[in-house]
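Colleague: I have a model open and would like to learn how to read its packing. Could you walk me through it?

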Amino acid sequence: MSLLELEGVRKRREDGGALLLREVSLRIEAGELAVVWGMRGSGRSTLLRIAAGIEPPDAGAVRFEGRDLSGRGRRLLGEGIGYCHRTLRFGESQSALEHAMVGPLSRWVAPAAARRRALAALERVGAAHCAGLRQHKLTGGEAVRVALARTLALAPRMVVVDEPVAGVDLAERDGVLGLLRSLADEGVAVLASTGESTGLSQADRAFALGEGTLRSAPQRPLAAVVQLRRAASGGS
Amino acid sequence: MRDARIAAEGTARAQATPMRSPVNWALLGLIVERPSYAYDLAQRFERRFGDVLALSNIGHVYTALGALAERDLIEEIPGTRAGRQPRPRYRATPAGAEQYRAWLVGRAEEGRRQHQLFVLALGALAADREQALEVLARYEQAWLAEGMRTPIARESDAVDRLSALLGRLIDEDDRLSVGARLEWVEYARGQLRASAQSAGARPAEPGEPGR
C-alpha cells in the first residue's frame with residue numbers, strides 16, 4: 001500500500017468546461033519528493049488540492065494510508081496531510097510565529113505547547129529569525145518557509161505544496177528546494193507543483209501534466225537511507 | 001624559396017577553411033585565457049572540459065596547436081624554445097582572440113540548429129500521428145529526467161572559483177533548457193493533434209499515406 005494513491009481521477013473545470021484531469025493515477029511513497037510540472041491552466045493546482053483531500057474528484061479514488069479521502073473535506077489536513085497554498089496569507093497583526101501556531105491551536109493543543117511546536121517548526125525550516133516578523137516583512141523565500149512551518153507544526157506524513165518556488169527570488173530558490181528535498185530525506189512524502197522547470201531539481205519523481213494527462217519520467221532510485229528507514233519501520 | 005611559397009600556400013588554404021573542431025576552439029580559449037605550453041594545456045583541458053569534450057591523447061594538442069598557428073590564431077612566444085628542455089609557450093594573436101569571441105557567439109546558432117534538426121527529423125513521423133506522439137512522449141520523459149538530475153545547489157567541490165562559477169552557470173542553463181523543452185513538447189503535441197484533425201476533415205490526396 002502506498003502512502004497516497006490516486007486512481008482514475010477525473011475532474012472537470014468548475015464551470016463544467018474542459019476536463020482538467022482525465023483518468024489520472026498516481027502513487028506517492030513515504031520519503032519521496034514528487035513534483036508535477038505543468039503550464040498555466042494545466043490543472044496542476046487542482047491535482048494537488050485533490051491529492052490533499054481539499055477538493056473531491058468528479059470520479060476516481062483518492063486514498064491516504066488506505067483511507068478514502070473523498071467526502072472527508074479538510075478533516076484529514078492536520079491528520080497526516082499538510083497543505084501549503086502558493087500564497088501565504090496571515091492576519092495583518094499576526095507574526096510568523098503566531099501564524100505557525102494556528103494549526104496546533106486549532107487542534108486544541110495548549111498555547112504553550114503550540115508555541116513550542118511552532119518555534120521548532122520555524123527552526124526546522126530555517127525561519128527562526130522570522131518568528132516576530134509580520135507578513136509584509138518577509139521575502140518570498142521566507143514566506144514559503146513560514147507556510148511550511150505552519151504545516152510542519154502538525155507533524156504531517158505528507159506535505160503538499162503548491163508552487164513553492166513561484167515568485168521566490170533566484171538567490172532564495174535553491175534554499176527552498178533544498179528544504180523540500182531534506183524533508184523527503186527525513187521520510188516525509190512531499191508532493192509539489194511547479195510551473196518552472198527549476199522546481200524539478202533533485203525530485204525522486206517528475207511528472208508533466210497537460211491536456212488532462214499526467215506523464216512521468218522514469219523513477220529515480222530512492223536514497224538508501226529511505227529504504228533502510230522503511231525496512232526498520234516494517235514498511236514495504 | 002620554393003618551400004616558403006608552399007608554406008604560404010598552405011597557410012592561405014588553412015585560413016580559408018573554417019575551423020570546425022571544437023577541441024581546437026576549446027584549446028584556443030585556454031590560450032586566450034592565458035599563454036601556455038602543450039602539456040599544461042592538456043591538463044587544463046582535462047580539468048575544464050572533463051566529460052564534455054575529450055582529447056584523444058597529448059598528440060591531439062600538438063596537432064591542434066599546429067592548426068591554430070597555421071591560421072595565425074596563436075603564436076609562439078619568442079625565447080621559450082631555448083634551453084636544454086625547450087618548452088615553447090603560445091599566446092593568442094589579436095585575430096585569435098577576436099575569432100574565439102565570434103565562435104562563442106556562434107554557439108547560440110549551433111544550439112538552435114540542433115533542436116531544428118530534431119524537429120525536422122520528427123517530420124518523418126508526422127504522417128503517423130501516434131508514432132510522432134509516442135516519440136514526443138519519450139522526448140518529454142527524457143527532459144523530465146534531465147530536470148530531476150539538475151542539482152539544487154552544486155556543492156562547492158570545485159578546485160577554484162572560476163570552476164564553481166562555471167558549474168553554477170551550467171546548472172542554471174540546464175534547468176532553463178528543461179523548461180523550454182517541456183513547454184515546446186506541450187505545444188508540439190497540441191499542434192500535431194490539430195493538424196491530424198484538420199487533415200481528417202479533407203479527403204486524402206493521391207500518394208498521401210493512409211490516415
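Colleague: Let's begin with a helix pair: at roughly what angle do the axes of helix 2 and helix 4 of chain A cross?

Modeller: Happy to help, and keep in mind that this is a predicted model. The two axes cross at roughly 30° and come within 7 Å. The crossing of helix 2 of chain A past helix 4 of chain A is right-handed.

Colleague: Which residues make the contact?

Modeller: Helix 2 of chain A brings Ala96(A), His99(A), Ala100(A) and Val102(A), and helix 4 of chain A brings Val146(A), Ala149(A) and Arg150(A). By type, they divide into 5 nonpolar, 1 polar and 1 charged.

Colleague: Which residues touch the most other members of the largest nonpolar core?

Modeller: That core has 52 residues, and Leu122(A), Val146(A), Leu148(A), Val161(A), Val190(A) and Leu200(A) touch the most other members. Helix 4 of chain A, residues 140–152, gives the most to this core, with 7 residues. Another core, of 29 residues, lies apart from it and includes Leu20(A), Ala34(A), Ala52(A) and Leu209(A).

Colleague: Now a polar residue: is Ser201(A) buried or exposed?

Modeller: Buried means under 20% relative accessible area. Ser201(A) has 1% relative accessibility, so this residue counts as buried. Ser201(A) sits in the loop between strand 8 and strand 9 of chain A.

Colleague: What does Ser201(A) touch, leaving out residues up to four places away in sequence?

Modeller: Its contacts include Leu177(A), along with Gly147(B), Met148(B), Pro151(B) and Arg175(B). With Thr150(B), Ser201(A) shares a side-chain polar contact of 2.9 Å.

How values were computed: Residues are numbered from 1 along each chain as its sequence is written. Chains are lettered from A and ligands numbered from 1 in the order in which they are written. This is a predicted model: local features need pLDDT of at least 70, side-chain atom pairs count only at pLDDT 80 or more; totals for chains, interfaces and linings use all residues. Side-chain values use heavy atoms; hydrogens and water are left out. A nonpolar core is a set of buried Ala, Val, Leu, Ile, Met, Phe, Trp, Tyr and Cys residues joined through side-chain atoms within 4.5 Å. Buried means under 20% relative accessible area, exposed over 50%, partly exposed in between (1.4 Å probe, protein chains only). Helices (H or I, at least four residues) and strands (E, at least two) are DSSP runs, numbered from the N terminus. Axes are lines fitted to C-alpha atoms, for helices over the stretch in contact, and angles run from 0 to 180 degrees between N-to-C directions. A crossing is left-handed if the near helix is turned anticlockwise from the far one by less than a right angle, and right-handed if clockwise. Contact means heavy atoms within 4.5 Å. Ala, Val, Leu, Ile, Met, Phe, Trp, Tyr, Cys and Pro count as nonpolar, Asp, Glu, Lys and Arg as charged, and the others, Gly among them, as polar. A polar contact is a pair of N or O atoms within 3.5 Å; within protein, one must be able to donate a hydrogen and the other to accept it, and residues adjacent in sequence count only if both atoms are side-chain atoms.
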